[in-house]
Amino acid sequence: MNSIGEACNDLKKEYDDCFNSWFSDHFLRGRTNDSLCAPLFKVYQDCVKKAMKQQNIDFEEVKKDLLETPHEKKPQGKS
Amino acid sequence: MRFFESSNIFNYSWEQVVQGFWRRYPNPNSNHVLSEDTVIREVQAGKLISKRLLSKTNNIPNWAKRFINTTYVYIVEESIVDAKNKILVTYTRNLGFTKVMSVTEKVIYKQSDENPMKTVATRYAWIDSQVRGFSKAICAFGYDRFKKNAHKMVGGFNFVLQNMYPNQQVIPTAHTNIKTANKLKDAAKNASELAKSRAAPIYASLHPNQS
């Protein structure tokens, strides 16, 4: 899958590969230390944030928490 | 506001489904998805918190173009993976144009109570519009489109899972003792999911340029 920024595609692929193996081999086995892919995530993030800015996407709006907050929508008929 | 609710069963373990979740694009049903980026990722109290930004082509009928004059839309997908309790929750919303039409979807992926090799996905969606005089029509359109796409999404996800786990025995056991109406319903759903997952590769081979 492509990144929103063409310049970020390679960084994204490297990070995604790292993440997918960390998720399978560490996280799902109860090892939650996530420092393994952190350096790759950082450079990929810097690139994506730049691309988002260029495309006028509001990062504050993107990173807003809704899930498991009082702002989350509730199914009808259930509270 | 229109509310949508449905559920489906994946013939894969919860662990398989969550691993597939991160890789579900591209698939033969996701040609409208243009990009996918992880913008937030952290572990909090043992749970994995992520936010992904997706961009998609905005395929709308001509009459709706007077309200939304853009070729693509951005989607934010929040998710929480709780590996201890085997629950993945996703919460997806469109970014911008929310007054015209907002579509929010929540999906809960849980290990099936009856079979640990199956995963139940429960999907809720809220379609809303604030356009005076048109909100009803827009909601009706959004609801129908969502319903169709939800179907396609499950098919696409099954296609990805089948590629990741080609040796998986996906044939439901024929001799399970089905007692309740609910179980019968699940079984019917199972069969239809199975048929769909079988159909996806056929679709892909017929449309090689789109896969």
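So, strands E5 and E6 of chain B: in this predicted model, E5 covers residues 87-95, E6 covers residues 102-111, and the two pair antiparallel through seven bridges. If you want one spot to click on, take Tyr91(B), which sits opposite Lys106(B) in E6(B).

Now zoom out to the sheet around that pair. What order do the seven strands of chain B follow? Reading across, you get E1-E7-E6-E5-E4-E3-E2, an open sheet with antiparallel pairing. The edges belong to E1 (2-10) and E2 (33-44) of chain B; each has a single partner strand, so one side of each has no neighbour in the sheet. As for the twist, neighbouring strands here are turned by 15 degrees against each other on average, ignoring direction. Quick reminder on the chemistry: strands in a sheet pair through backbone hydrogen bonds, parallel or antiparallel.

Okay, over to chain A. How many helices and strands does chain A have? Three helices and zero strands, so to speak α-α-α when you read from the N terminus.

Then there's the overall shape of chain A. Its radius of gyration is 16 Å, where a compact globule of 79 residues would come out near 12 Å. Along the principal axes, the C-alpha atoms of chain A fill a box of roughly 45 × 40 × 20 Å. Buried residues account for 19% of the 79 in chain A.

One last number, on contacts. Take the contacts in chain A between residues at least 6 apart in sequence: 61% of those join residues at least 24 apart.

Notes
Residues are numbered from 1 along each chain as its sequence is written. Chains are lettered from A and ligands numbered from 1 in the order in which they are written. This is a predicted model: local features need pLDDT of at least 70, side-chain atom pairs count only at pLDDT 80 or more; totals for chains, interfaces and linings use all residues. Helices (H or I, at least four residues) and strands (E, at least two) are DSSP runs, numbered from the N terminus. The radius of gyration is taken over C-alpha atoms; the globule rule is 2.2 Å times the number of residues to the power 0.38. A residue is buried if 20 or more other C-beta atoms lie within 10 Å of its own, exposed if 12 or fewer, and partly exposed in between; C-beta atoms are placed from the backbone. Two residues are in contact if their C-beta atoms, placed from the backbone, lie within 7 Å. Two strands pair if DSSP finds at least two bridges between them. Axes are lines fitted to C-alpha atoms, for helices over the stretch in contact, and angles run from 0 to 180 degrees between N-to-C directions.
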